[in-house]
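Student: I have a model open and some terms I want to pin down. Can we go through what earns each label?

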Amino acid sequence: MFINCGGFMPGSCVNGPGRRAVVWVQGCPLRCPGCFNRDLWSFRPRHVVHVKELAERILGLPDIEGVTFSGGEPFCQARALAILGQVLQDAGLTIVTYSGYPRGTLARTRRESWRALLAVTDLLVAGPFLAHKRSGGPLGGSSNQELVFLTPRLAGRDVEGRASEEVEFVISPGGEVTATGFPARGCILSRSPAWKGGA
Ligand code: SF4
C-alpha cells in the first residue's frame, strides 16, 4: 500500500498538540477559495512512498509524540493512512487528522476506508477553509473548522488554550526554510516542505 505525499516534516509544534511529525498528502478535490496549499490539489504522483517505509521513517524520529495527517485531503488516501495510523498508534504515537470535509459528513460516512481512518484518529480537525471566516481558533485556518476528540488520548491537551494564527519557520541544515501554520492573512497549513528536507 502506497501514499502519495506532498510533503513531510519530521518535527513541528504548530500542527497539533506537542511536537509532531507531519505528513501532507498530495491531492484534494475540495478547492476551497483562498487555499494556501494549491500545489497540493493535483492528484499527480509526487512523492509516492510505501506505508511500511514511511512508518519506519516516522518511528525512527526522536522526540515526537505523534503524527499529523494533513493535505491535500487525507480522506482521499484513507485506506493507506489508516494502516499507517494503526502502526503508529500501536507504537504509542497519537494521530491528528485534518480534513476539508465537515464533521457531519465524516461522522455519517459508510465508506469503510473513511471509518478506518477515523478509528485511528485521536483528534480530528474537520471542515473546509472558508476565507470569510479566516483566523479562527487554534489549529485551524477558519473558525468553522471543528476540533473533535475521537479518543481521550489528546483530550485536555494544550489545544483549546492555544493561540490562533500560529506560524512556525523551520530551517534545515541545508538552509531551506519551511513555513507552516495558520497565518492570519494566508489560510491553512503550509508551504509545501521539501520531501527530503526538515529540521
Ligand atoms: S484548504 Fe484544505 S480542504 Fe480546502 S482546498 Fe486547500 S487543501 Fe483542500
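Tutor: Start with the ligand. The shell around the ligand holds eight nonpolar, four polar and two charged residues. Keep in mind that this is a predicted model.

Student: What makes a residue part of the shell that surrounds the ligand?

Tutor: Its C-beta atom, placed from the backbone, must lie within 6 Å of the molecule. In this model 14 residues surround the ligand. The closest are Cys-28, Cys-32, Cys-35, Gly-100 and Phe-129.

Student: Why does Gly count as polar, and Cys as nonpolar?

Tutor: That is how the classes are drawn, so Gly goes with the polar residues and Cys with the nonpolar ones.

Student: Now the fold. What is the pattern along the sequence?

Tutor: It reads β-β-β-α-β-α-β-α-α-β-β-β-β. That comes to four helices and nine strands.

Student: Which strands form the open sheet, and in what order?

Tutor: Seven strands do, in the order β3-β1-β2-β4-β5-β6-β7, with mixed pairing.

Student: Why are β3 and β7 said to stand at the edges?

Tutor: Count partners. β3 (47–50) and β7 (146–149) each have a single partner strand, so one side of each has no neighbour in the sheet. Neighbouring strands of this sheet are turned by 30° against each other on average, direction ignored.

Student: How do you know that β1 and β3 pair?

Tutor: Pairing needs at least two bridges. Four bridges join β1 (residues 2–12) to β3, and the two run antiparallel. Ile-3 stands opposite Val-49 in β3.

Student: What lies across these strands?

Tutor: Helix α1 (residues 51–59) lies across β1, β2, β3 and β4, at about 85° to β3. Helix α2 (residues 78–90) lies across β1, β4 and β5, at about 40° to β1.

Student: Which residues of helix α4 are buried, and what makes a residue buried?

Tutor: The cut-off is 20 or more other C-beta atoms within 10 Å of its own. In α4 (residues 112–119), Trp-114, Leu-117 and Leu-118 are buried, and so pass that cut-off.

Student: Why are they placed on the same side of α4?

Tutor: They cover an arc of only 100° around the axis, which puts them on the same side. An α-helix has 3.6 residues a turn, so residues three or four places apart point the same way. The buried residues of α4 pack against α2, β5 and α3 (103–108).

Student: How much of the protein is buried?

Tutor: Buried residues make up 44% of the 199 residues.

Methods: Residues are numbered from 1 along each chain as its sequence is written. This is a predicted model: local features need pLDDT of at least 70, side-chain atom pairs count only at pLDDT 80 or more; totals for chains, interfaces and linings use all residues. Axes are lines fitted to C-alpha atoms, for helices over the stretch in contact, and angles run from 0 to 180 degrees between N-to-C directions. Two residues are in contact if their C-beta atoms, placed from the backbone, lie within 7 Å. A residue is buried if 20 or more other C-beta atoms lie within 10 Å of its own, exposed if 12 or fewer, and partly exposed in between; C-beta atoms are placed from the backbone. The arc is that of the directions from the helix axis to the C-beta atoms.
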